[in-house]
Amino acid sequence: MTQFCEVAVPVPLDKLFFYSVPPPLEIKPGMRVIVPFGARKLVGVVLRCGVQPEGIERKSIKPVQATMDEEPALSSELLRLGEWLAAYYQVPVGEALAALLPRNPAVRKTTKAVLTAQGERALHLSLQQKSFSKKASTDELALLSRLARRKGIRQESLRDSAPMLRKLERRGWIGWERTLEARSGPDPQEGAGGEVVPERGKGHELTRQQKEAFQSIQQAMETGKFAVLLLQGVTGSGKTEVYLRAMETALRRNRPVLMLVPEINLTPAMAELFTSRFGSRVALLHSGLGEAERAAQWQRVKAGRSDVVLGTRSAVLAPLDRPGLVIVDEEQDSSYKQDEAPRYNGRDVAILRAREAGATVILGSATPALETRYNAEQGKYQLLALEQRVQERPLAETTVVDMREEFAETGKAGFLSRRLQEEIARRLEQKEQSLILLNRRGYSAFVLCRSCGEAVQCNNCSIVLTHHRRIGRLLCHYCGFARPVPRKCPHCSSEHIYFVGEGSERIEETLHEHFPQARIGRLDRDTARGRGQAEVILSAFRNHELDILVGTQMIAKGHDIHRVTLVGVISADIGLARPDFRAAERTFQLLTQVAGRAGRGDLPGEVVIQTYYPDHYAIRAAAAQDYDLFYRQELRYRKLLHYPPFSVLANLVVKSPSAETALKLTGRLGRHLEALQKPGVRLLGPASAPIYRLKKDYRYQFLIKSSRRNTLREILVSCREFARRENFPAAALVIDVDPQSLS
Ligand code: ADP
Ligand code: ZN
Ligand code: ZN
């Protein structure tokens, strides 16, 4: 009797597909299989075996072409995770499962020459020495019989016979078959990492607060039950040391450890610390890896040869077997949110995995997300506080410079206040280091025409282009579109165009003018473009080969550089005006984080924040490094406007390259949503998205706020069904659950 299985394929369709299992194949759930799908061959994942197909004629069911695994690639734990991701983030199971696998690690695209039916007949006849119209030469016959014997030969190995193949193809005797084929992947046999003992000493003696936090974590781990602990520690309070101790404990109990960090390339010191403590048992998983390398790491983790996984967002999907400890450092970081499907939040998935595995979760931050801190106050998470820096180092002193007064007093619209200039000069004299933050890359923010008032925009997006002077171009920071700097206004041809606003490139230049003797470096996405570039710049700064490092938020990430005694913020206000309810929170987090880079060594630190809104609560709270002050105020505002943590959100974007289609589809979805009104749900929109046109698409959005998660899910399911029923183009509806950005 024919066997059938259900396979999830990575296509935007919300269903599983039946395939038959031809006899020699042995198939288990979690195995990757190559299956025909329309004219294509795809790699799918078997979800269920031994099923009886329903609602489909058996004759139309195609067979699985090949299996790629001898044993399931995905454990039942990971298959369940995939199904959860699909339901929670509203994506097809096949797409969710694809995210759990390294990108086609073990498939190869091949093109094979194969005999056609006509070719087989020709071969057959000539072998029987019967006559047929086109006589094949001996060479041709030899090739044909080789093809027959080997059921096709790869194109690469037939290079020498190319002219002959063309001839045979013209006669219709051979054809080309393109397939995906399993490749026996690299599977380096390394000794199983056995040693728990750190290779480099035991680390620091814990401070009293660190000890208390660590003891609570130990207690949680001993229960063997799922628990989430929020380790809220001011910058420089020594959170990393607590993580390390917790990890040792988990490993001693033979439970693997998963640790997420927002960025590995920017904090190589951290990665080094972990590898020096845990040696070869550490697997590093991050976006800087090549595909083969990533696949190899993935295999190591799966085979249990590596039981400490340290990585960025996608590491949360690593094939660890029942982790006992899951750590999310800087849990508030928005880079944990993936901005393409499945749009998951690594932190939230980490918590889910821990729940399934009965693990302890540590969420670490100096500035927890509002939602996280709220969960702690509600008793869902246990709050562990580190209120002091190690070795009683003081937090940096902060000065806020009101740039309106600065302008009134100096009559100059410069962007370096007198105070900040003085402080930088003093650091140079004392051979100390300064970090200067401006969270915008490029030279000028945009180009404006004095005659018609228009700014130069991207061709693909409703975004003004940023001027990058060194490369002499205007760039779109959203789609990468570039154009030369115009001499005339593209709208009215006036020559009176001017450059407005400053970016990090400009600040670097200004600092060079003010301090010609200083060694200045810049770290932003432009200078850190090449692989390893960020590390080159950072290590120059760490080795004090640079006096000043200018940059975007990249300079605010967990660097621990002891000679930095000054942090200057050129414009604290960038980002405050963003059309996003988290604008204040993001500003507070960034300022607190960058301020925390100062005074981490023996020398005390100082922070100078320049702003036009010195009274804004986010800036005040950041200047006072007072999380609670910010939290209370922000929470009130969230409650008033029904934003998280008082509701759950989904952002629905309807998009199309045609403005008319986008509008039409939006109207239809809008009517559907309105008819669907449910208690506890607020619908905002439709409205044009803050970035109305993005990468050539016109965009409208709905924001759904719901007091209950289940209700939100019902609405989203219904919207997707509606879009399918009404034949919306596959890419037209984008659903973002728990969005981190509303633009
Ligand atoms: P955080 O992540 O909380 O900002 P880190 O973990 O980077 O802080 O620690 C700040 C600095 O303090 C690091 O240089 C670290 O080596 C050091 N440190 C951590 N714990 C101790 C301790 N118990 N005694 C002395 N120094 C410590
Ligand atoms: Zn103009
Ligand atoms: Zn663009």
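Q: In this predicted model, what makes the approach of Gly236 to ligand 1 a polar contact?
A: A backbone N or O atom of Gly236 lies 2.7 Å from an oxygen atom of ligand 1. A pair of N or O atoms within 3.5 Å counts as a polar contact, and therefore the pair formed by Gly236 and ligand 1 qualifies.

Q: How much of the accessible area of ligand 1 does the protein cover?
A: Of the 560 Å² of accessible area that ligand 1 has on its own, the protein covers 83%.

Q: Why do Glu205 and Arg600 also count as making polar contacts with ligand 1?
A: For Glu205, a backbone N or O atom lies 2.7 Å from a nitrogen atom of the ligand. For Arg600, a polar side-chain atom lies 3.0 Å from an oxygen atom of ligand 1. The cut-off is 3.5 Å between N or O atoms, so both pairs meet it.

Q: Which residues come nearest to ligand 1?
A: Of the 18 residues around the ligand, Glu205, Gln210, Gly236, Thr240 and Asp560 come nearest.

Q: Why is ligand 1 said to sit in a pocket?
A: The criterion is that more than half of the atoms of a molecule lie within 2 Å of the grid points of the pocket. Ligand 1 sits in the second largest pocket, and therefore satisfies that criterion.

Q: Which domains and which helix contribute to the shell around ligand 1?
A: Domain 3 (208-391) and domain 4 (394-443 + 502-638) each supply at least three residues. Helix 7 (residues 239-252) gives the largest share, three residues.

Definitions and conventions:
Residues numbered from 1 in each chain as written. Chains lettered and ligands numbered in written order. Predicted model: local features only at pLDDT ≥ 70, side-chain atom pairs only at ≥ 80, totals over all residues. Heavy atoms only, no water. Near = heavy atom within 4 Å. Polar contact = N/O pair within 3.5 Å; in protein donor to acceptor, adjacent residues only side chain to side chain. Areas by Shrake-Rupley, 256 points an atom, 1.4 Å probe, with all protein chains shown as cover. 1 Å grid on protein atoms, 1.4 Å probe; cavity = no way out; pocket = protein on both sides within 12 Å on 5 of 7 lines; lining within 4 Å. Helix = DSSP H or I, 4+ residues; strand = E, 2+ residues; numbered from the N terminus. Domains from an automatic or database assignment.
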